[in-house]
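Q: Please take a close look at one part of this structure, the packing between helices in the second chain, and then set it beside a helix pair in the first chain and the state of some cysteines.

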Amino acid sequence: MFMFLYRRNRELRDQLALYIDKARAVFDAFRDGLAYYREHGYPGLERYARLSHTDESECDQVRRQIERDLFAKSLLPEAREDVMSLLEHIDLVINQAEDVLRQIVLQRIALPPALMDRYAELGTCCHRAAITLMDQAAAALGNAPTARELGDAVKACESQADQSEQGLVAALFASDLPLAEKLYYRDLVTLTAAMGDLAEDAANLVTVFALKREA
Amino acid sequence: MLGLMAGVFLGWSLGANDAANCFGTAVSSRMVAWRHAVWLAAAFILLGAVAQGQAGIATLQALTDQTATGAELAALAAAVTVTTMVRLRLPASASQAVVGALLGSGLATGHIHAAPLGRVLACWIGTPLGAMLVAFVLYHVLRWPLSRFRPSLFVLDPILHLGLILCGCYAAHALGANSVANVASFLVVGGRLSPGAAVAVGGLAMAAGVLTFSRGVMLTVGRGITPLDAFTALVVVLAEGITVHLYALLGVPVSMSQAIVGAILGIGLAKGVHILNARNLVHVLVGWLLAPAAAATLGAIFAVLAGA
């Protein structure tokens, strides 16, 4: 009987692992896209935006499948709710990563070269926060003892992203750019930094999830 | 006939109320479907009653010298007491009401034996304390492999799921073995039924109570204990099952509700947190005093009226 119940859960475990892999792919597309943007600007960035969109769509498909299957598996009700909540929060980070690339392409945002290094630093912090979040989620689902430390690491990344964002906004408004442009570029910076905030929110949730199973 | 009806009614009421202590947490938190829980509880209560339920009959019979009529009236007094207290939402232990009714009847007719009474009272006090100790030990024993091997969500949840079902079945078996004597002791007086037949009738009455009327109580009791997580709920149900089963083997019917309160207190001690409010403790104290006192009064009144 136990093996029968466990076999049902094993499919769910594999689907969650697949979801995490797909999410990593979105974040890697985000990282590669921003690296390209730093070198070449927005022309040609569509390729990365499309790639992140494709990966995000696959994530959605896997997530929908997990949500459909979750109630047929033998997880306890509290665990089902925790897993659903975890997916919802990770999904927000994925959507944000995809949205950053899409907005740069759609609005043809050409960030001034003087700000590009700082912006790349912000993107790196957000990417690191998102990837660490994925490590944390995998650890929490496997009940590994590292989940809490990884949660702290996500917070540290978010804190760095916050500092980068503030430095970038300050530099932006200290520049001679027209106010409309300052606001226009600031929106991109805020949009990108929100990814770190969302990753931190999700990491807090994952930490609680891990603590509940340790208590 | 009156004794049989009162006994069966008492058994039905016992099943309807006490099955909640076996599967309440699992059902109210949707870990086990209600329709599965009631069939399992009914089957295991009947099994426990038939397999191990006869020991308590001798204890209850030893408390007083009863005629067939006296036993019928005592059964009626116990049934009326339990039903009234449940209707008034007061904590009621059928085991304690039965003993109270027998004592009241015995006092009125002057046929009472003090020696077995001391044993019964000691077991009443020992029920929550024993359950507390068992829960405390079980919590630490079962916690150790979880801390050591840290099974993932996908491994632990099926174990807890299965464990809750198995422990619920075991607790239902213990309930049947322990409590059926409350019913059967009235049915064997005067040789109306053999002990084997009496526990079968009592077990069937309890199973009928589970199948027909346990849902509301199960959800209410379960929600009252919902702050417990699956692991803690498993320990509580197992601890109450072991405690009540031990008393069934000793032949003293005790209160399952009081065992569960003791088990929760034991978990609180083990975790170093306060998870039991004063209301639960008052529940135990009132159960100790009110049900037997009310049943004894009613049993004495019935006996005096029958004598007049």
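A: What follows goes from a helix pair to a single residue, then to a second helix pair and the cysteines.

This is a predicted model, in which local features need pLDDT of at least 70 and side-chain atom pairs count only at pLDDT 80 or more, while totals for chains, interfaces and linings use all residues. Residues are numbered from 1 along each chain as its sequence is written, chains are lettered from A and ligands numbered from 1 in the order in which they are written, and side-chain values use heavy atoms, with hydrogens and water left out.

In chain B, helix H7 (residues 114-149) packs against helix H12 (residues 256-271) at an angle of about 40°, and their axes lie 7 Å apart. Helices here are DSSP runs of H or I with at least four residues, numbered from the N terminus, and axes are lines fitted to C-alpha atoms over the stretch in contact, with angles running from 0 to 180 degrees between N-to-C directions. H7(B) and H12(B) are therefore oblique to each other, a class left over once angles under 35 degrees are called roughly parallel, over 145 roughly antiparallel and 65 to 115 roughly perpendicular. The crossing of H7(B) and H12(B) is right-handed, meaning that the near helix is turned clockwise from the far one by less than a right angle. Among the residues making the contact (heavy atoms within 4.5 Å) are B:Trp124, B:Phe136 and B:Tyr139 of H7(B), and B:Gly262, B:Leu265 and B:Lys271 of H12(B). By class, this contact has 13 nonpolar, five polar and one charged residues, where Ala, Val, Leu, Ile, Met, Phe, Trp, Tyr, Cys and Pro count as nonpolar, Asp, Glu, Lys and Arg as charged, and the others, Gly among them, as polar.

B:Asn182 has its place in helix H8 (residues 153-187) of chain B and, at 0% relative accessibility, counts as buried, that is, under 20% relative accessible area with a 1.4 Å probe and protein chains only, exposed being over 50% and partly exposed in between. Its contacts, leaving aside neighbours within four places in sequence, include B:Leu60, B:Ser95 and B:Pro253.

In chain A, helix H3 (residues 77-107) and helix H6 (residues 179-214) pack at about 165°, with axes 10 Å apart, which makes H3(A) roughly antiparallel to H6(A).

As for disulfides (pairs of cysteine sulfur atoms within 2.5 Å), the count over all chains comes to zero. B:Cys123 is in none, the nearest cysteine sulfur, that of B:Cys22, being 19 Å away, and B:Cys123 counts as buried at 8% relative accessibility.

Definitions and conventions
Helices (H or I, at least four residues) and strands (E, at least two) are DSSP runs, numbered from the N terminus.
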